[in-house]
Amino acid sequence: MSKYVEECNRKPIGLYHPSFEHDNCGIGAIVNIKGKKTHDTVKNALEIVANLEHRAGKDGEGKTGDGVGILLQISHKFFHKVTRKMGIDIGREREYGVGMFFFPQDELKRNQAKKMFETIIVKEDMEFLGWREVPIAPDILGKRAVECMPKIMQCFVKKPKDVAKGLDFDRKLYIARRVFEQSNEDTYVVSLSSRTIVYKGMFLVAQLRLFFDDLQDIDYESAIAIVHSRFSTNTQPSWQRAHPNRFIVHNGEINTILGNADKMLAREETMESEHLQGELHKVLPVVNTEGSDSAMLDNTLEFLVMSGMELPLAVMITIPEPWENNRYISESKKNFYQYYATMMEPWDGPASILFSDGDLVGAVLDRNGLRPSRYYITDDDQLILSSEVGVMPIAEEHVVKKDRLRPGKMLLVDTVRGELVDDDELKEKYAARQPYGEWLDNYLVHLKDMHIPNQRTPQYSTEERRRLQKVFGYTYEEVKNSILPMARNGAEPIAAMGTDTPLPVLSEQPQPLFNYFRQRFAQVTNPPIDAIREEVVTSTTTYIGEDGNILREKPENCRVIQIHNPILTDTDLLKIKDMKVPGFKVGVIPILYYKNTSLKKAIERLFVEADRAYKEGVNVLILSDRGVDENHVAIPSLLEQV
């Protein structure tokens with residue numbers, strides 16, 4: 001296998017690893033607000049992405065792009081024509097699903113994958129109708145793109161008679177796709193839906209139209225088209241990682257992605273949906289951690305929608321607007337965001353996201369507004385949105401409205417109802433669905449309001465404090481130059497971004513485990529954030545307690561402790577240890593171990609103790625490193641978070 005094929009398959013090469021990647025891209029959408037399907041929508045979207053060349057990366061040869069793609073509604077007019085020639089009866093509009101597949105070029109592996117998919121479709125009580133080899137023009141591609149090009153095929157699946165059109169049918173296709181994906185690692189399912197389809201690959205921006213014959217056919221009509229040109233700032237491109245994903249296109253970075261993905265996987269035990277009753281085990285794990293940040297968000301949104309949550313709501317809770325310190329937001333919306341914040345952490349970072357399920361088309365901007373999105377509305381009911389203006393020539397006399405997407409705000413078009421949905425109207429509708437404020441008053445516990453027990457906080461002599469500082473790795477320089485100035489002045493010391501610090505692995509002195517790690521952030525494209533000056537978009541609130549079921553709205557979900565500052569004082573800790581609130585049980589587990597015991601055994605014992613506490617009903621667990629002496633040392637606290 002050549003080096004380029006390895007790159008396209010996202011395999012680590014030397015010191016390179018796919019998890020280090022970020023990208024900065026161009027996005028665009030054109031939608032007919034009234035839902036009128038035309039080929040002009042497809043043609044104009046391809047023109048938009050062709051004009052985003054400055055936002056599209058290419059190799060040194062200049063013939064292979066980082067990735068370009070388009071998401072469209074499934075054109076019944078087009079697919080009825082091509083399947084009739086193949087002798088396949090697909091039925092009426094939305095009575096069939098279309099899958100786009102990237103199969104391996106190896107014929108044996110491809111045939112095995114195709115047979116497996118057909119079998120899974122039958123087992124999931126659907127009828128498999130047939131395969132279609134997608135007409136393409138590989139001769140226009142660069143050498144690198146051709147070397148790792150998959151075999152591109154489409155399939156057709158008939159809707160069962162007892163299943164409703166739209167989401168219900170798409171849910172069955174989703175379950176079948178997840179079963180297939182977990183059984184076959186050589187094939188990538190680009191899309192499988194009765195409403196949308198994705199065409200994408202490693203192209204230059206102008207090659208997307210030329211590569212797929214389908215996109216040039218005047219019978220291919222759609223009311224929705226979302227396009228994406230990928231510019232990878234420190235990455236290797238691939239066919240699979242080109243956008244669109246199945247629900248979104250994304251420009252920017254999600255800087256919190258590791259925590260988001262870990263939390264999503266951790267809450268699988270508490271998630272339960274009546275729409276996936278008895279089927280949930282087939283789609284887990286929700287998030288494919290081998291995917292990009294965009295793909296992991298797409299996984300999450302898709303799962304929430306297939307579990308019964310409306311798409312705009314799923315986007316609102318994953319990418320919330322700045323609400324906590326916003327004086328101008330209504331109390332009902334504040335309560336709504338507060339309720340969901342107890343269960344879902346923000347997927348944060350500089351991001352502009354377009355999303356669609358085939359009926360709705362929307363756009364949302366991160367709370368800081370670090371990725372621009374501008375849009376026009378014309379007098380013939382067209383909405384044109386892109387990461388910048390000038391992507392498509394529009395006569396000024398036809399423009400009804402020019403605007404930009406505001407930080408944290410959502411733009412939404414409902415093509416079924418034929419209307420542009422106002423941000424406030426949309427969010428107030430969701431905020432009024434349940435008495436979130438009443439639920440929060442009854443169940444949310446605020447640390448600041450908790451009773452202070454009649455106990456003294458630990459006091460240390462100067463000698464004992466110095467001993468503990470040595471035990472936990474504090475140096476004289478850190479205490480003098482960092483900790484004391486912060487304690488005296490309430491200000492954080494100014495320092496470089498870690499580039500001036502010697503590598504701990506080369507040090508002759510013992511180093512705390514924390515020193516071996518560095519904060520990960522997108523320093524290439526992100527401006528610095530001043531947390532004080534930009535207080536409205538900054539939050540340090542965290543929640544502890546038992547996770548609620550995010551798929552089912554009920555009062556008990558928000559029974560957690562709200563902590564506004566993640567750094568607890570000794571008094572805060574006493575409050576939590578002594579709390580007598582119904583629904584909470586606090587347990588303390590020491591993390592000390594005898595110095596002659598292996599660290600591995602100590603950690604294994606800690607796992608056993610934590611499991612025992614959980615089985616006894618403990619839902620707030622405190623790991624204590626107090627009591628270190630000449631015979632006992634503490635497990636590094638960083639290891640307990642792994």
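Mentor: Before we begin, a crossing of two helices is left-handed if the near helix is turned anticlockwise from the far one by less than a right angle, and right-handed if clockwise. Please keep in mind as well that the model we are reading is a predicted one.

Trainee: How do the axes of helix H6 and helix H10 lie to each other: parallel, antiparallel, perpendicular or oblique?

Mentor: The axes of H6, residues 167-181, and H10, residues 293-306, come within 10 Å and cross at roughly 130 degrees. Angles of 65 to 115 degrees count as roughly perpendicular and those over 145 as roughly antiparallel, so H6 is, in relation to H10, oblique.

Trainee: Is the crossing in which H6 passes H10 left-handed or right-handed?

Mentor: Here the definition I opened with is what we need, since an anticlockwise turn of the near helix by less than a right angle gives one hand and a clockwise turn the other. Where H6 passes H10, the crossing is left-handed.

Trainee: How many residues of the contact of H6 with H10 are charged?

Mentor: H6 brings Leu167, Asp170, Arg171, Tyr174 and Arg177 to this contact, while H10 brings Glu302, Phe303, Val305 and Met306. Divided by class, these residues include five that are nonpolar and none that is polar, and the number of charged ones is four.

Trainee: Which class do the residues in the contact of H4 with H6 belong to, nonpolar, polar or charged?

Mentor: Helix H4, residues 107-123, packs against H6 at an angle of about 140 degrees, with the axes 10 Å apart, and the two are therefore oblique to each other in a right-handed crossing. Ala113, Met116, Phe117, Ile120 and Ile121 of H4 meet Ala176, Val179 and Phe180 of H6. With no polar and no charged residues in this contact, its eight residues are nonpolar.

Trainee: Which helix gives the most residues to the largest nonpolar core?

Mentor: That core has 66 residues, and the members that touch the most others in it are Ile70, Phe79 and Trp239. With five residues, the helix that contributes the most to this core is H2, residues 39-50.

Trainee: How many residues does the second, separate core have?

Mentor: This core stands apart from the largest one and includes Ile248, Leu301, Met306 and Trp323. Met306 also belongs to the contact of H10 with H6. The number of residues in this second core is 58.

Trainee: Which strands are among those covering the buried residues of H17?

Mentor: In helix H17, residues 570-577, the buried residues are Asp572, Leu574, Lys575 and Ile576. What covers them includes the strands E18, E19, E20 and E22.

Key: Residues are numbered from 1 along each chain as its sequence is written. This is a predicted model: local features need pLDDT of at least 70, side-chain atom pairs count only at pLDDT 80 or more; totals for chains, interfaces and linings use all residues. Side-chain values use heavy atoms; hydrogens and water are left out. Axes are lines fitted to C-alpha atoms, for helices over the stretch in contact, and angles run from 0 to 180 degrees between N-to-C directions. Helices (H or I, at least four residues) and strands (E, at least two) are DSSP runs, numbered from the N terminus. Angles under 35 degrees count as roughly parallel, over 145 as roughly antiparallel, 65 to 115 as roughly perpendicular and the rest as oblique. Contact means heavy atoms within 4.5 Å. Ala, Val, Leu, Ile, Met, Phe, Trp, Tyr, Cys and Pro count as nonpolar, Asp, Glu, Lys and Arg as charged, and the others, Gly among them, as polar. A nonpolar core is a set of buried Ala, Val, Leu, Ile, Met, Phe, Trp, Tyr and Cys residues joined through side-chain atoms within 4.5 Å. Buried means under 20% relative accessible area, exposed over 50%, partly exposed in between (1.4 Å probe, protein chains only).
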